[in-house]
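Here is a brisk report on one protein model. Look over the sequence and the structure, then read on.

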Amino acid sequence: MTTIHYRELRRRYQLDGPEPTVKHLSEALRQGHLKPEDFSLRDLAEGLIPDGHAWVRLLDPRQGGACVLESSEGVDVTAFLNVTGQVIYAKILEAYAQEAFVVSRLVDTVPTRLDGEKIPGVGRIKDEATEVAPGMPYPHVGFGEDYIETPSTTKHGLIVPVTREAIFFDRTNLVLARAAEVGEVLGLNKEKRLIDLVIGATNPYKYKGVGYNTYYASGAGGPWVNQLAGNELVDWTDVDAAEQLFAEMSDPNTGEPILVRPNTVLVMPAYRHAANRVFHATEIQYTQAGAPTTTSAANPLSTYRVVDSRLVYRRIVASGVSAAEARTWWFLGDFRRAFAYMENWPITVTQSPLGSEADFNQDVVVRFKASERGAAAVLNPRCVVKCTGA
């Protein structure tokens, strides 16, 4: 555990100012040089608040703690609140971005100021090059309107309270545990919304004003085919079958093939080792039916990134699919081109003012509110293929 020198921290705060000090702490926490658990709420209060020992003693009801805020009127607690807020933010962010949230790391986050937006584009020009004779003008080419609409964003948030007892009895671990719960709940909520998008449980894709499902199977009458049943992941031939669907999909404006190179495979935990065997084998062998010889070659699938997720599996089951069938689902494609998280603002922590009603009613000295706002969106469903074993 790293030892925090609170007097030195206070001195640096006074010399450098609030912003550089908090920025330095934030960087140290982000890089892992400091951990939220290295800090003590009581020590922070005693070290950063002028006459902090007396301020902490006022939290004791025997010392008139019910009037702590009135008794400490004029006392500058800004440094204590700023540093405490940064420590709590670091803990919330740590839980919000944990490794278990696989899909959140597979897609890009797109900043937006709009509550759902129409993303305009220009339809690709058909490859119909015309020879231009010397001295003759170049022909003009028209552009067709091309746009998608993303769903409305939603706000999610929770509050971490810091009570009088948490400071006085130095229950820092309890406050950090609550902060971690807040980060985990917000991160899990975002992950579940993205998962439901990827597995096709929600279908917000809207192209040129018309809504579509994310996945269509052959014979379903959809504008593309990116769902393949009866294609359990056993060997390289199953991957080849999924890849062939990309070859059959075309750009809706030009009719040209979709220019996508699949690079990631998402599998269920039951097929984690099978996927690693298929994609990470050093070579593959192929014996044609009736042929007397076997051909060996370097594994062409080694460039794929393979990930698995228990949360994805549980969301598939929650959507009504049997557990036996859900285990066989897998997805292949370029997830960053297919999906995105449209974000109004990232995980943000703000603090309440001192002397709020919560202090009188619940002995809550200060509260930290964590919130984020965004929506999971489909950008181009033709960039991913869903396979099922049944």
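## Burial and cysteines

A residue counts as buried when its relative accessible area is under 20%. C383 has a relative accessible area of 0%, so C383 is buried. C387 is also at 0%, and therefore buried. How many disulfides does the model contain? The count comes to zero. The cut-off behind that count is a pair of cysteine sulfur atoms within 2.5 Å. A disulfide is a covalent bond between the sulfur atoms of two cysteines.

## Overall picture

The model is predicted. The protein has 390 residues, and 43% of them count as buried. Its accessible surface is about 20600 Å². Carbon and sulfur atoms hold 51% of that surface.

The protein contains 15 helices and 15 strands. Take the contacts between residues at least 6 apart in sequence: 76% of them join residues at least 24 apart.

## The four-stranded sheet

One open sheet has four strands, in the order β1-β13-β14-β4. Its pairing is mixed. Why is one side of β1 and of β4 left without a neighbour in the sheet? Strands β1 (108-111) and β4 (154-163) stand at the edges, and each has a single partner strand, so one side stays unpaired. From one strand to the next, the twist averages 30°.

Strands β13 (residues 339-351) and β14 (residues 364-378) run antiparallel and are joined by 10 bridges. Within this pair, Y341 stands opposite A376 in β14. Strands of a sheet pair through backbone hydrogen bonds, either parallel or antiparallel.

## Helices on that sheet

Helix α6 (residues 78-96) packs on the sheet and touches β4, β13 and β14. The direction of α6 makes about 150° with that of β13. Helix α9 (residues 172-199) lies across β1, β4, β13 and β14. Relative to β4, helix α9 runs at about 170°.

T172 belongs to helix α9. Is T172 buried or exposed? Its relative accessible area is 8%, which is under the 20% cut-off, so T172 is buried. The side chain of T172 makes a polar contact of 2.8 Å with the side chain of D170. Beyond its neighbours within four places in sequence, T172 is in contact with F39, S40, L41 and A166.

## The five-stranded sheet

A second open sheet has five strands, in the order β7-β15-β12-β8-β11. The pairing here is mixed. Which strands are at the edges? They are β7 (227-228) and β11 (305-308), and each pairs on one side only.

Strand β8 (residues 264-267) pairs with β11 in the parallel sense, over four bridges. T264 stands opposite R305 in β11. Helix α11 (residues 272-280) packs on this sheet, touching β8 and β11. The direction of α11 makes about 180° with that of β11.

## A buried loop residue

L59 lies in the loop between α4 (52-57) and α5 (68-71). Its relative accessibility is 1%, so L59 counts as buried. Which separation in space goes with 306 residues along the chain from L59 to V365? The C-alpha atoms of L59 and V365 are 9.5 Å apart. V365 falls in the range of strand β14 (residues 364-378).

Key. Residues numbered from 1 in each chain as written. Predicted model: local features only at pLDDT ≥ 70, side-chain atom pairs only at ≥ 80, totals over all residues. Heavy atoms only, no water. Helix = DSSP H or I, 4+ residues; strand = E, 2+ residues; numbered from the N terminus. Buried < 20%, exposed > 50% of the residue type's maximum accessible area, 1.4 Å probe, protein only. Contact = heavy atoms within 4.5 Å. Areas by Shrake-Rupley, 256 points an atom, 1.4 Å probe, with all protein chains shown as cover. Pairing = 2+ DSSP bridges. Axes fitted to C-alpha atoms, helices over the stretch in contact; angles between N-to-C directions. Polar contact = N/O pair within 3.5 Å; in protein donor to acceptor, adjacent residues only side chain to side chain.
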